[in-house]
Structures are given as structure tokens and as C-alpha cells.
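Here is a friendly note to read alongside the sequence and the 3D view. Take the points in order, and keep the structure open as you go.

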Amino acid sequence: MLMNQMETALINSPPRRWLQRWYEVPWLRRLGGTLPADARVLEIGCGPGYGTRLILDQFGAAHVDALDLDPAMTARARRRLTKYGDRVRLHTGDAADLYTSIGATDAAYNAVFDFAIVHHIPAWRDAVAEIARVLRPGGKFYFDEVTARALARPTYRLMFDHPTDDRFTADQFRTELERHGLYVGDRWRAPIGGDYLIGVATRREVTRQP
Ligand SMILES: C[S@@+](CC[C@H](N)C(=O)[O-])C[C@H]1O[C@@H](n2cnc3c(N)ncnc32)[C@H](O)[C@@H]1O
């Protein structure tokens with residue numbers, strides 16, 4: 001679901017960039033570490049591309065496929081990321097269907113990043129299934145999410161547009177990850193009493209039946 005005008009302005013603002021750089025990224029690095037030198041990464045809901053820059057510079061990704069549903073956001077990200085050349089590929093499409101959107105095959109990525117986007121997707125469980133599908137065994141899912149608790153607050157409902165059915169608590173999100181073989185363990189935090197959720201999951205090795 002696309003953002004309304006107010007959220008778009010907020011996402012394009014210096015305070016959003018400050019939060020992402022000085023709070024979210026340090027926590028994600030603490031919980032999940034950086035990436036191997038040749039890591040191929042997918043970022044879903046890249047917005048204006050500031051997070052993509054941090055994935056390249058602070059996590060050490062070799063290459064990032066960055067995807068957003070909103071072509072205006074993809075265009076903004078393209079301008080921001082020009083200097084990285086062919087280390088970044090930008091796509092417009094839906095994170096709940098990564099094959100149609102970007103032709104993503106199974107086990108194609110070492111890591112997937114979600115900076116506050118899955119709560120925007122009506123079929124968020126499909127997005128989780130897609131993330132698990134495109135991650136290699138041992139690959140990492142870095143997530144930073146807004147839970148049903150925050151979305152139900154009057155300020156959120158007044159200021160922003162989000163899907164209202166079937167939103168998730170921190171526990172429900174982690175349970176859905178586990179159901180798709182994305183192991184979280186104790187690598188998560190739920191700040192502000194559970195309004196937000198930040199963590200890292202590892203794609204389990206696929207065990208073959210004899
Ligand atoms: C809250 S913004 C976060 C943007 C950026 N990741 C950040 O942290 O600043 C959510 C972004 O997800 C995008 N989005 C919403 N639904 C999407 C979907 N189904 N697939 C891909 N992107 C989506 C929106 O267009 C928006 O840019």
C-alpha cells in the first residue's frame with residue numbers, strides 16, 4: 001500500500017535519515033553483524049534509497065537489488081544512488097511477489113533488508129514467504145517493523161494510511177518468520193513497549209529427507 005502525503009514527507013526528511021543511521025542500523029549490526037564481501041542483497045520497500053546506501057556502506061554489501069511499489073520513490077532512490085553504478089539495481093514492483101516483480105529465483109540472496117515496509121503490505125504473510133524463498137540457507141533477514149500496537153494508536157491512524165486487517169504483533173511476526181524457516185532466537189528487540197520490532201533472522205539449512 002502506498003504512503004499518504006504526510007508519511008511520504010516524513011520518510012523523505014532528515015529526522016527519518018537520522019533514525020535509520022544512528023538507531024536502526026547500529027541495532028541491526030549489533031544483532032546480525034555485517035555481510036560477507038561478495039554479498040548479494042535485496043532491499044524491499046527501499047523508499048528514497050537512504051537505507052540502500054547504508055546497506056552498501058555500513059553492512060558492506062557488494063550488490064543490492066532495491067525494490068519499491070512507488071515509482072516516484074524508485075526515481076528518487078535512483079538519483080541518490082547514482083555514484084554506486086552497477087552495484088545497485090532499482091526496481092518498481094510488489095514485495096509480496098518477487099518473481100513477477102524482479103524475477104527473483106529461489107535462494108538468490110545472502111541477505112534481505114526490510115526497513116519498515118512489511119506492515120504496509122496487505123498480504124504480509126506472502127511477503128514473508130517470498131523473503132524466505134529468495135534467501136540462501138544461512139542467509140539473513142534484517143527487519144525493522146511497526147506492529148499492530150503502534151498502528152492502532154490514534155496519532156498513527158490520523159496521520160498515516162495503512163492496511164487495517166490482519167496486522168501483526170511482535171510475537172505474530174516472529175512466529176510467521178519461524179513458520180517459513182527464518183530463525184530469530186533472541187536476536188530481536190521490541191522498543192516502546194512493543195510498538196516497534198527490530199531483529200535479524202537466519203534462513204535455516206534445508207534438511208533433505210532420506
Ligand atoms: C514506511 S516507508 C519505508 C521506506 C524506507 N524503507 C525507509 O525506511 O525510510 C514504506 C515503503 O514501502 C513501499 N511499499 C509499500 N508497499 C509495498 C510493496 N507491496 N512492495 C514494495 N514496496 C512497498 C512504500 O512505497 C514506501 O516507500
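## Notes on the strands, the ligand and a few residues

1. Let us begin with strand β1, residues 40-44, which is mostly covered: four of its five residues are buried. Please keep in mind throughout that this is a predicted model.

2. Which strand pairs with β1 over five bridges? That partner is β2, residues 63-68, and the two strands pair in the parallel sense. To find the pairing in the view, look for Val41, which stands opposite Val64 in β2. Between these two strands the chain passes through helix α3, residues 50-57, and the β-α-β crossover from β1 to β2 is right-handed.

3. Strand β1 also pairs with β4, residues 109-115; four bridges join them, and the two run parallel. Here a good landmark is Leu42, which stands opposite Val112 in β4. While you look along these strands, it may help to recall that side chains in a regular strand alternate between the two faces of the sheet.

4. From β4 you can move on to β5, residues 135-146: six bridges join this parallel pair. Phe113 stands opposite Tyr142 in β5. What handedness does the β-α-β crossover from β4 through α6 to β5 have? The crossover is right-handed.

5. The pairing of β5 with β8, residues 196-203, is antiparallel, and seven bridges join the two strands. One bridge to look for is that of Phe141, whose partner in β8 is Ala201.

6. Now for the ligand. Its surroundings comprise 21 residues, of which Arg16, Gly45, Asp68, Asp94 and Phe115 come nearest. By kind, the shell divides into 11 nonpolar, five polar and five charged residues. Two helices, α1 (5-11) and α2 (14-32), each supply at least two residues of this shell.

7. Where does the protein backbone meet nitrogen atoms of the ligand? A polar backbone atom of Gly45 is 2.7 Å from a ligand nitrogen. For Ala95, a backbone N or O atom lies 2.9 Å from a nitrogen atom of the ligand, and for Met1 the distance from a polar backbone atom to a ligand nitrogen is 3.2 Å. As for cover, the ligand has 600 Å² of accessible area on its own, and the protein covers 98% of that.

8. Two histidines deserve a look, starting with His63 in strand β2. Is His63 buried or exposed? With a relative accessibility of 10%, below the 20% cut-off, His63 counts as buried. Its side chain has a polar contact of 3.5 Å with the side chain of Arg40.

9. The other histidine, His119, is found in the loop between β4 and α6, residues 124-134. His119 counts as buried because its relative accessibility is 2%, which is under 20%. The side chains of His119 and His162 are joined by a polar contact of 3.5 Å.

10. Next, a backbone angle to check. Ala116 has a phi near 60°, a positive value in a residue other than glycine. You will find Ala116 in the loop between β4 and α6. At 25% relative accessibility, Ala116 falls between the 20% and 50% cut-offs and so counts as partly exposed.

11. Ile192 also has a positive phi in a residue other than glycine, here near 50°. This residue is found in helix α10, residues 191-194. How does Ile192 count, as buried or exposed? Ile192 counts as exposed because its relative accessibility is 60%, over the 50% cut-off.

12. Finally, please visit Arg167, whose place is in the loop between α8 (154-159) and α9 (170-179). Arg167 has a relative accessible area of 11%, under the 20% cut-off, and is therefore buried. How far apart in space are Arg167 and Ala148, C-alpha to C-alpha? They are 5.2 Å apart in space, while 19 residues apart in sequence.

How values were computed: Residues are numbered from 1 along each chain as its sequence is written. This is a predicted model: local features need pLDDT of at least 70, side-chain atom pairs count only at pLDDT 80 or more; totals for chains, interfaces and linings use all residues. Side-chain values use heavy atoms; hydrogens and water are left out. A residue is near a molecule or strand if one of its heavy atoms lies within 4 Å of it. A polar contact is a pair of N or O atoms within 3.5 Å; within protein, one must be able to donate a hydrogen and the other to accept it, and residues adjacent in sequence count only if both atoms are side-chain atoms. Accessible areas come from the Shrake-Rupley method with a 1.4 Å probe; for residues, only the protein chains shown count as cover. Ala, Val, Leu, Ile, Met, Phe, Trp, Tyr, Cys and Pro count as nonpolar, Asp, Glu, Lys and Arg as charged, and the others, Gly among them, as polar. Buried means under 20% relative accessible area, exposed over 50%, partly exposed in between (1.4 Å probe, protein chains only). Two strands pair if DSSP finds at least two bridges between them. A crossover is right-handed if, with the strands pointing away from the viewer, the path from the first strand over the helix to the second runs clockwise.
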